[in-house]
Amino acid sequence: MDADVIVVGAGLSGMVAALEAHRRGKRVIIVDQEGEQNLGGQAFWSFGGLFLVNSPEQRRLGIRDSAELAWSDWQGTAGWDRLDGERPQDEWAQQWGRAFVEFAAGDLRGWLRRHRVSLTPVVGWAERGGSTAHGHGNSVPRFHVPWGTGTGVALPIVRLVRDAVATGRVRLAFRHRVDGLITEGGVVTGITGTVLEDDPGPRGAASSRTPVRDFTLRAPAVIVCSGGIGGAHDLVRAHWPERLGSAPRSMITGVPAYVDGRMLSIAATAGARLVNEDRMWHYTEGIRNWDPIWPTHGIRILPGPSPIWLDALGRRLPAPALPGFDTLETLRRLRTTPDLAAHDHSWFIMTKRMLAKEVALSGSEQNPDITNRDYRLMARTRLGGLVPGPVADFVRHGADFVTADSADSLVRRMNAITGDDLLDVATVQRQLQARDLQLRNDFTKDAQIMAVRNARASRADRMTRVTPLHRMLDPKEGPLVGIRLHTLTRKSLGGLQTDLSGRVRAQNGEVVAGLYAAGEAAGFGGGGVHGYRALEGTFLGGCIFSGMRAGQGAAA
């Protein structure tokens with residue numbers, strides 16, 4: 001045997017799994033098809049949000065949360081409905097969901113502190129929901145942002161992995177692409193694959209696939225932590241569910257090209273069960289990166305609740321398809337409405353004041369103030385009313401941004417971007433005027449205005465994320481900004497079915513001996529811990545929790 005445990009994938013879940021096994025005295029090899037510059041995986045690029053329940057940060061902001069409330073929100077959001085039959089797809093996913101909520105309300109914050117991950121004092125309110133207490137969405141703000149954004153989570157774990165490598169009991173094998181699992185007597189006992197030529201390209205960039213030689217590694221436990229399918233649009237389209245209508249003809253990509261889903265099919269060939277492959281988490285607020293790193297590189301806007309959202313034909317989207325409320329309902333509406341299916345975009349319209357405070361860009365590289373702990377920069381932008389530098393760069397250079405001093409000029413420029421006349425100036429202007437008329441009183445029939453007032457009842461939102469209500473057509477608030485939005489591929493919510501020890505299940509429901517999985521490859525636990533929809537901040541936390549469980553299970 002070359003090791004006690006082999007971990008396939010050097011992202012967050014793989015590193016956590018390796019550390020858990022190492023701490024229990026096991027020899028570990030981490031293999032990854034990419035180079036050393038990509039150690040940390042997708043977590044490095046993320047905004048870093050973490051879902052915690054009843055945290056000190058929440059309590060300091062006057063937020064009253066509990067595990068009971070979080071579990072109610074999780075169940076209403078997940079909507080697990082595949083629980084019947086001999087081997088239900090959601091059998092383990094539901095158990096993982098309950099276990100993760102208890103972890104988020106219990107030891108997650110302590111785990112972060114022990115691993116030197118520190119949190120900012122701001123708690124955001126993501127996925128605000130679909131307007132019913134028992135349905136989708138977070139009842140309270142739970143989106144905790146770490147100092148350093150995604151790098152603030154990934155790099156402390158990278159340092160610990162390197163410390164473990166220095167002991168001689170953990171080995172990193174980069175540019176090792178796994179092509180198969182070794183199975184002997186029904187037990188997974190190792191991996192086979194190809195060593196790829198070195199590629200010194202930058203982190204995240206597409207790398208060479210030129211082979212150098214074959215390799216074989218053996219261990220009594222193999223943990224698959226290879227991620228999902230978001231970088232492979234052909235797989236996204238192949239698994240696109242009918243309930244979300246037709247897949248867009250054109251999508252942009254929120255993950256590097258190496259997120260290719262290869263290991264999922266390799267594990268399935270070895271007898272593993274894949275479940276809930278039609279559950280996926282893509283964003284409708286994607287913009288094309290003006291300075292791309294990987295192919296079709298897109299960035300997600302993390303919107304505040306105030307921008308007006310129009311479909312491709314210029315009609316305002318109704319609740320709960322509002323900015324930051326219900327991601328998949330918005331995607332479903334845009335893809336299933338008959339006269340919209342031919343169009344792959346929608347629009348935000350906002351004032352410059354909204355742009356400055358309510359447009360956050362997902363990604364460590366898009367948030368230099370939090371990533372670099374630059375308090376002065378944060379005070380000037382998020383707290384001082386100035387447009388953040390990365391946002392201003394997109395306004396200047398981004399192909400999806402237009403500005404104008406009047407609504408009619410803005411709409412004409414929006415039409416010029418798409419090369420058609422889908423937007424009618426009078427129709428758009430009439431909707432903006434109707435919205436502005438609702439601000440004359442402290443009460444309203446407009447659901448979005450109600451939502452903005454509710455958001456400003458949260459101290460954190462009021463300070464950092466949500467502008468005071470103001471008229472869109474007030475010249476003092478200009479210029480107006482239009483942003484074309486694309487579907488951005490991101491996460492797989494299904495994957496390898498695992499029990500609470502991270503052991504992969506076979507098609508017949510039995511354990512695939514020697515095989516474990518964690519992170520996105522396992523649907524963040526159980527083959528679908530999120531069910532149909534996620535509460536945000538739960539992807540990195542899901543990698544941590546499932547990596548812990550798989551590492552402990554493999555070591556045992």
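**Notes on a predicted model**

1. Let's start with helix α13. The elements that cover its buried residues include β13 (280-288), β14 (298-303), α10 (352-358), β17 (359-361), α11 (368-371) and β18 (401-404). Keep in mind throughout that this is a predicted model.

2. Which residues of α13 (residues 389-397) are buried? They are P390, V391, A392 and F394. As a general reminder, an α-helix has 3.6 residues a turn, so residues three or four places apart point the same way. That is handy when you look at the helix on screen.

3. One of the elements covering α13 is β13, and that strand deserves a look of its own. Eight of its nine residues are buried, so β13 is largely enclosed by the rest of the structure.

4. What does β13 pair with? Strand β19 (residues 480-492) is one partner, antiparallel to β13 and joined to it over four bridges. If you want a spot to check, Y283 has L488 as its bridge partner in β19. β14 also pairs with β13 in the antiparallel sense, here over three bridges, and G286 stands opposite R300 of β14. So that you see both roles together: β14, like β13, is among the elements covering the buried residues of α13.

5. Next, an open sheet. Six strands make it up, in the order β6-β2-β1-β10-β22-β21, with mixed pairing. At the edges sit β6 (170-174) and β21 (503-505), each pairing on one side only. On average, neighbouring strands in this sheet are turned by 30° against each other, ignoring direction.

6. Inside that sheet, β1 (residues 5-8) and β10 (residues 221-224) run parallel and are joined by four bridges. For a concrete pair, look at V7, whose bridge partner in β10 is I223.

7. V7 turns up again around I30, a residue of strand β2 (residues 28-32). Is I30 buried or exposed? Its relative accessible area is 1%, so I30 is buried. Beyond its neighbours within four places in sequence, I30 is in contact with V7, G9, A10, A18, V161, V170, R171, L172 and A173. Take G9 from that list: G9 and I30 are 21 residues apart along the chain, yet their C-alpha atoms are separated by 6.7 Å.

8. Now for a helix pair. The axes of α1 (residues 12-23) and α18 (residues 538-555) come within 7 Å and cross at roughly 35°, and the crossing is right-handed. On the α1 side, the residues that meet α18 are L12, S13, V16, A17, E20 and A21. Their counterparts in α18 are L540, C543, I544, G547, M548, G551, Q552 and A555. Sorted by class, this contact has nine nonpolar, four polar and one charged residues.

9. Last stop: T189, in strand β8 (residues 187-196). Why is T189 classed as buried? Its relative accessibility is 10%, and buried means under 20%, so T189 qualifies. Its side chain makes a polar contact of 2.9 Å with the side chain of E184. Leaving out residues up to four places away in sequence, T189 touches M1, I182, E184, L217, R218 and A219.

Note on methods: Residues are numbered from 1 along each chain as its sequence is written. This is a predicted model: local features need pLDDT of at least 70, side-chain atom pairs count only at pLDDT 80 or more; totals for chains, interfaces and linings use all residues. Side-chain values use heavy atoms; hydrogens and water are left out. Helices (H or I, at least four residues) and strands (E, at least two) are DSSP runs, numbered from the N terminus. Buried means under 20% relative accessible area, exposed over 50%, partly exposed in between (1.4 Å probe, protein chains only). A polar contact is a pair of N or O atoms within 3.5 Å; within protein, one must be able to donate a hydrogen and the other to accept it, and residues adjacent in sequence count only if both atoms are side-chain atoms. Contact means heavy atoms within 4.5 Å. Two strands pair if DSSP finds at least two bridges between them. Axes are lines fitted to C-alpha atoms, for helices over the stretch in contact, and angles run from 0 to 180 degrees between N-to-C directions. A crossing is left-handed if the near helix is turned anticlockwise from the far one by less than a right angle, and right-handed if clockwise. Ala, Val, Leu, Ile, Met, Phe, Trp, Tyr, Cys and Pro count as nonpolar, Asp, Glu, Lys and Arg as charged, and the others, Gly among them, as polar.
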